Amino acid sequence: MNNMVIPEHIAIIMDGNGRWAKKRGLERTEGHKVGAEVFRKICSYAREIGVKHITFYAFSTENWKRSKNEVDKIMELFRRYLDEMEERQGENEEAGYNVRFLGAKEGLPEDIVSMINVVESNSCDKDKMFVNIAVNYGGRDEIVHSVKKIAEKIKNGELSPEDITEDMISDGLYTAGQPDPDLIIRPSGEYRLSNFLIWQAAYAEFYYDDVLWPDFTPADLDRAIEAYNHRNRRFGAV
């Protein structure tokens with residue numbers, strides 16, 4: 001990565017777990033297990049090369065439509081991951097991970113919400129790398145969530161409609177206080193944003209890759225960053 005500009009914030013849509021498993025004659029949930037291991041490896045590597053913020057799209061508001069068996073097993077994977085986060089607290093503190101979960105906690109199992117709160121509390125004072133995990137997350141839902149906060153202020157007479165700014169909406173998002181993503185990566189051969197960071201992605205660079213998420217490697221991340229370095233980010237200017 002010599003002489004490469006490392007994006008401050010990279011966001012990744014972890015896509016292709018089910019297809020990876022199907023190609024191997026396995027249950028879809030086996031793909032999710034391998035995908036969780038890849039998440040850990042990519043997160044660690046991103047920190048090594050100097051990425052300051054990284055966001056992973058783990059479970060969307062639309063994913064509840066999947067079979068109960070698959071959803072239940074994904075939730076069990078979350079439990080295992082959160083358990084490991086607590087077990088590795090010392091290691092994570094040394095690494096300086098500040099972990100934040102993006103999305104609505106309403107609707108998630110109560111025990112998972114409690115575990116999320118513990119992980120966020122344990123890491124809230126760290127600042128070497130900010131790790132966002134989007135769970136029960138939807139970009140449109142996030143914007144509605146922010147707008148409702150503004151509407152409540154207007155209702156209470158604290159704010160006038162004409163005073164609403166883009167910054168106010170940004171401040172009400174789950175990513176408040178963090179920079180917008182510079183680079184959004186979607187493996188698996190799909191070319192959609194799928195309701196992911198739709199407000200924050202206004203000026204992000206997009207990188208699509210045919211590799212399925214369980215096969216995604218640090219070398220694939222390097223290629224995405226290399227492609228990013230060949231983009232001309234004008235932000236609307238000439």
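These legends accompany several close-up views of a predicted model.

**View 1. The largest nonpolar core, centred on two well-connected residues, Phe56 and Leu221.** This core has 45 residues, and Phe56 and Leu221 are the ones that touch the most other members. If you follow Leu221, leaving aside residues up to four places away in sequence, you will find it touching Ile10, Ile42, Tyr45, Ala46, Ile49, Ile185 and Phe216. A second core, separate from this one, is made of 13 residues; Ala11, Ile13, Tyr174 and Ala204 are among them. As background, nonpolar side chains in soluble globular proteins tend to be buried together.

**View 2. The largest pocket and its lining.** Here the space amounts to about 760 Å³. Of the 35 lining residues, those nearest the centre are Met14, Tyr57, Ala58, Phe59 and Asn63. Two or more lining residues come from each of α1 (17-23), α2 (28-49), β2 (53-60), α3 (68-87), α5 (110-123) and β4 (129-137). Helix α2 gives the most, with six residues. For anyone thinking about the chemistry of the wall, the lining divides into 18 nonpolar, eight polar and nine charged residues.

**View 3. The second largest pocket, with Arg40, Met85, Arg88, Asn92 and Tyr97 closest to its centre.** The volume is about 260 Å³, and 14 residues form the lining. At least two lining residues are supplied by each of α2, α3, α4 (89-95) and β3 (97-102). Once again look to α2, which provides the largest share here, four residues. By class, this lining has eight nonpolar, two polar and four charged residues.

**View 4. A salt bridge between a loop and a helix, formed by Glu27 and Lys73.** The two side chains meet with an N to O distance of 3.1 Å. Glu27 sits in the loop between α1 and α2 while Lys73 belongs to helix α3, so this pair ties together parts that are 46 residues apart in sequence. Glu27 is partly exposed, at 47% relative accessible area, and Lys73 is also partly exposed, at 33%. The structure holds 18 salt bridges, and the next views pick out some others.

**View 5. A salt bridge within helix α2, between Glu30 and Lys33.** The side chains of Glu30 and Lys33 come together at 3.2 Å, N to O. These residues are three apart in the helix, so about one helical turn separates them. Glu30 counts as partly exposed, with 31% relative accessibility, and Lys33 is likewise partly exposed, with 35%.

**View 6. A salt bridge within helix α8, between Asp220 and Arg223.** The N to O distance for this pair is 2.3 Å. Both residues lie in α8 (residues 218-229), three residues apart, about one turn of the helix. What is the burial state of Asp220? Asp220 is buried, because its relative accessible area of 7% falls under the 20% cut-off. Its partner Arg223, at 42% relative accessibility, is partly exposed. For those following the core as well, Leu221, one of the two residues that touch the most other members of the largest nonpolar core, lies in this helix range too.

**View 7. A salt-bridge network of five residues: Asp15, Arg19, Arg186, Glu190 and Arg192.** In this view, salt bridges link Asp15, Arg19, Arg186, Glu190 and Arg192 into a network. As a general point, side chains of opposite charge can pair when their charged atoms come close.

Key:
Residues numbered from 1 in each chain as written. Predicted model: local features only at pLDDT ≥ 70, side-chain atom pairs only at ≥ 80, totals over all residues. Heavy atoms only, no water. Core = buried A, V, L, I, M, F, W, Y, C linked by side-chain atoms within 4.5 Å. Buried < 20%, exposed > 50% of the residue type's maximum accessible area, 1.4 Å probe, protein only. Contact = heavy atoms within 4.5 Å. 1 Å grid on protein atoms, 1.4 Å probe; cavity = no way out; pocket = protein on both sides within 12 Å on 5 of 7 lines; lining within 4 Å. Points joined across faces, edges and corners; volume = space filled by probe spheres on them. Nonpolar A, V, L, I, M, F, W, Y, C, P; charged D, E, K, R; others polar. Salt bridge = Lys/Arg side-chain N within 4 Å of Asp/Glu carboxyl O.
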